[in-house]
Amino acid sequence: MTDPAAETSPAAAGTTGELRSAAAKAGKRLGTAVNLTALNAEPLYAQILGEQFDSVTPENALKWGPLTPEQGVYDWAAADAIVEFAEAHAQVVKGHTLVWHEQLPSWLPSAVSADGDGAQLSALLQQHIKDTVTRYRGRVYAWDVVNEAVNIDTASGYTESVFWQKLGPDYIEQAFRWAREADPDALLLYNEVGIERLGPKSDFTYALMQQLLAKGTPIDGIGFQSHVSIHRYPSEANLRANIRRFSELGLRVNISELDARTTLLPGDAAQRWEAQRIAYQQVVGACVVEPGCEGVTLWGFTDKYSWINDDGPDDPLPFDRNYQPKPAYLGVLQGLAGELPTPGENLISNGDFSAGLGAWTASAGALALATAGDRPGWQACVSGRTAELDALVSGPVLDALAAGGPHALSAWVRLNGASSGVVEATLNVTELVDGAESHAALSLGAMAASDVAWVELTGYFGLGFAGTPTAISLEFSGPPAGVDLCVMDVNVARVGG
Ligand code: G3I
């Protein structure tokens, strides 16, 4: 399957911005979701959109609900406007999204009888996919065919939407087959939230892709939405390993909806925006250095128009509300140049237990030091754990981390007494805020561990404070009671670059 737009020349678009040029030089796509209201209302929005990006994704205009205000009646105007803008700027269009349990047509519930066997819904969905994909055949180079069908918090592991309830999980395969019938040349993508880091949801999605591909389902790629926060996002090693394993299935990997919340991290704007620069550098850079990653789509490009503001003001994107580049803009450029953040020295003293247990303790149970047979060095194991929260605790790391800023965590973990269990790294922070003591537990990352082999628990995090930090400790917990938790080579380093 060739990318029909691969030969588009940005020069045809007129002025070519720094980001678009850097993406072309990296041989990667750089796109953004498009807010049509902003595009129509703000010339600066249109100018940056046309100059800085080589691909566009309608943020809402191609979803089932916005397309069909009435049953059997399509309103193509908004989608057409975005596709026409893209064609005028030599950009490709990624269609988003044919099947999603949100933004469904308001008329759908009444059109699908409650006790129906699903035939009605199937017919309506097939018609919707056929009408939409056919209309844009040759003009939309790739489609997010199914979005967010996985939810590991349900018994089935699937999002138990009206599609799942009435059609079973087979609706996923069927949707891809209908899309392929409508446009044999478009790339067909599965898009998912929260799978950019290795872990249970990414594992379930990986297995689902394997099953669908084994059945010959026409899936060409996968989207890691990557709605991250600067207080926690995948480390380079984690994200690159995840990209690699999906690409080894033959899937093109896309970072499909990148934005980076900053307000979940206390601290001043300059500190949060520097941590945000690192986040963009890290995620974009991982895509650039991994051959299996096709490109990055930002979920908007200016803080003025971000869906995240609906939850309360944030500044998750590379351009500020006045369309001025933020440090995150530089982070995208650095990532596009293949320059990844570089960690400094290990700030955790005796992180490898080479000086014995030192300040390390167990919050409950017994702590023992031993050489690890299957990995060079020393392991610290907590046994006799009676609760998931029973942890290995670092002792004070206030001096090491009080400066705040972007950091990378790495630690190797293994279990005894269970074949699998999730291990979580947490930073316990005590601060004085307006004279009062406040406590916060900052999750730095979680990883499925096993008793078979050591796995690396990694994560990037921005560290900021609302007041004056007075105590900080690092701890590892998570596996069920009765399961021993072993940890090696704990490394926390400031990142820069
Ligand atoms: O267009 C109507 C307008 O007529 C009405 O007056 C207004 C008030 O209700 O609503 C407008 O529609 C809103 C639409 O955005 C356009 O602004 C919807 O209510 C609102 O729900 C919708 O939010 C979108 C959201 O998906 C829907 O769940 C966000 O813009 C969009 O960024 C977001 O994007 C999703 C991806 O598609 C899938 N991955 C997650 C991502 C974030 O949720």
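**Packing and pairing in a predicted model**

Student: In this predicted model, how many of the 10 residues of helix 3 (residues 43-52) are buried?
Tutor: Helix 3 is mostly covered. Its buried residues include Tyr45, Ala46 and Ile48, and Leu49, Gly50, Glu51 and Gln52 are buried too. Of the 10 residues in helix 3, the number buried is seven.

Student: Which helices and strands do the buried residues of helix 3 pack against?
Tutor: The partners come from both kinds of element. The strands are strand 1 (29-34) and strand 2 (55-58). The helices are helix 1 (18-26), helix 2 (36-41), helix 5 (77-88) and helix 13 (327-336).

Student: Which residues touch the most other members of the largest nonpolar core?
Tutor: In soluble globular proteins, nonpolar side chains tend to be buried together. The largest nonpolar core here has 99 residues. The two that touch the most other members are Trp143 and Val146.

Student: Which helix gives the largest share of this core?
Tutor: The largest share amounts to nine residues. The element that supplies them spans residues 269-289 and is helix 12.

Student: Leaving aside neighbours within four places in sequence, what is tryptophan 143 in contact with?
Tutor: Among the contacts of tryptophan 143 are Leu62, Gly95, His96 and Leu98. Thr132, Val133 and Tyr136 are also in contact with tryptophan 143. The list is completed by Ala186, Leu187, Leu188 and Leu189.

Student: How many residues does the second, separate core have?
Tutor: This second core is separate and includes Leu392, Ala425, Leu474 and Phe476. Its number of residues is 34.

Student: Is serine 473 buried or exposed?
Tutor: Serine 473 is found in strand 19 (residues 468-477). Leaving out residues up to four places away in sequence, serine 473 touches Val393, Ser394, Gly395, Val397, Thr426, Leu427 and Asn428. Its relative accessible area is 16%, and the cut-off is under 20%. Serine 473 is therefore buried.

Student: Which strands stand at the edges of the open sheet of five strands?
Tutor: The order in this sheet is 11-14-19-16-17, with antiparallel pairing. Each edge strand has a single partner strand, so one side of each is left without a neighbour in the sheet. The edge strands are strand 11 (361-362) and strand 17 (436-450).

Student: Which residue in strand 14 is the bridge partner of threonine 361?
Tutor: Strand 11 and strand 14 (residues 392-396) run antiparallel and are joined by two bridges. In strand 14, the bridge partner of threonine 361 is valine 393.

Student: How many bridges does strand 20 (residues 484-496) form with strand 15 (residues 405-416)?
Tutor: The pairing of strand 15 with strand 20 is antiparallel. Within it, arginine 414 has cysteine 486 in strand 20 as its bridge partner. The bridges between strand 15 and strand 20 number nine.

Student: Which residue in strand 20 stands opposite alanine 380?
Tutor: Strand 13 (residues 378-383) runs antiparallel to strand 20, and three bridges join them. Opposite alanine 380 in strand 20 stands valine 487.

Student: Which residue in strand 20 stands opposite proline 343?
Tutor: Strand 10 (residues 342-343) pairs with strand 20 in the antiparallel sense over two bridges. Opposite proline 343 in strand 20 is valine 495.

Student: Is helix 10 (residues 200-214) roughly parallel or roughly antiparallel to helix 11 (residues 236-247)?
Tutor: The axes come within 11 Å and cross at roughly 15°. Angles under 35 degrees fall in one class, which makes the relation of helix 10 to helix 11 roughly parallel.

Student: Is the crossing of helix 10 and helix 11 left-handed or right-handed?
Tutor: In helix 10, Ser202, Asp203, Thr205, Tyr206 and Met209 meet Asn242, Arg245 and Phe246 in helix 11. The crossing of the two helices is right-handed.

Student: What is omega for the peptide bond from histidine 96 to threonine 97?
Tutor: Most peptide bonds are trans. Threonine 97 is found in strand 3 (residues 92-99). The bond from histidine 96 to threonine 97 is cis, with omega near -10°.

Student: What is the phi of alanine 90?
Tutor: Most residues other than glycine have a negative phi. Alanine 90 lies in the loop between helix 5 and strand 3, and counts as buried at 13% relative accessibility. Although not a glycine, alanine 90 has a positive phi of about 50°.

Student: What is the phi of asparagine 350?
Tutor: Asparagine 350 lies in the loop between strand 10 and strand 11. With a relative accessible area of 17%, asparagine 350 is buried. Asparagine 350 is not a glycine, yet has a positive phi of about 60°.

Methods. Residues numbered from 1 in each chain as written. Predicted model: local features only at pLDDT ≥ 70, side-chain atom pairs only at ≥ 80, totals over all residues. Heavy atoms only, no water. Core = buried A, V, L, I, M, F, W, Y, C linked by side-chain atoms within 4.5 Å. Buried < 20%, exposed > 50% of the residue type's maximum accessible area, 1.4 Å probe, protein only. Helix = DSSP H or I, 4+ residues; strand = E, 2+ residues; numbered from the N terminus. Contact = heavy atoms within 4.5 Å. Pairing = 2+ DSSP bridges. Axes fitted to C-alpha atoms, helices over the stretch in contact; angles between N-to-C directions. Parallel < 35°, antiparallel > 145°, perpendicular 65-115°, else oblique. Left-handed = near helix turned anticlockwise from the far one by under 90°.
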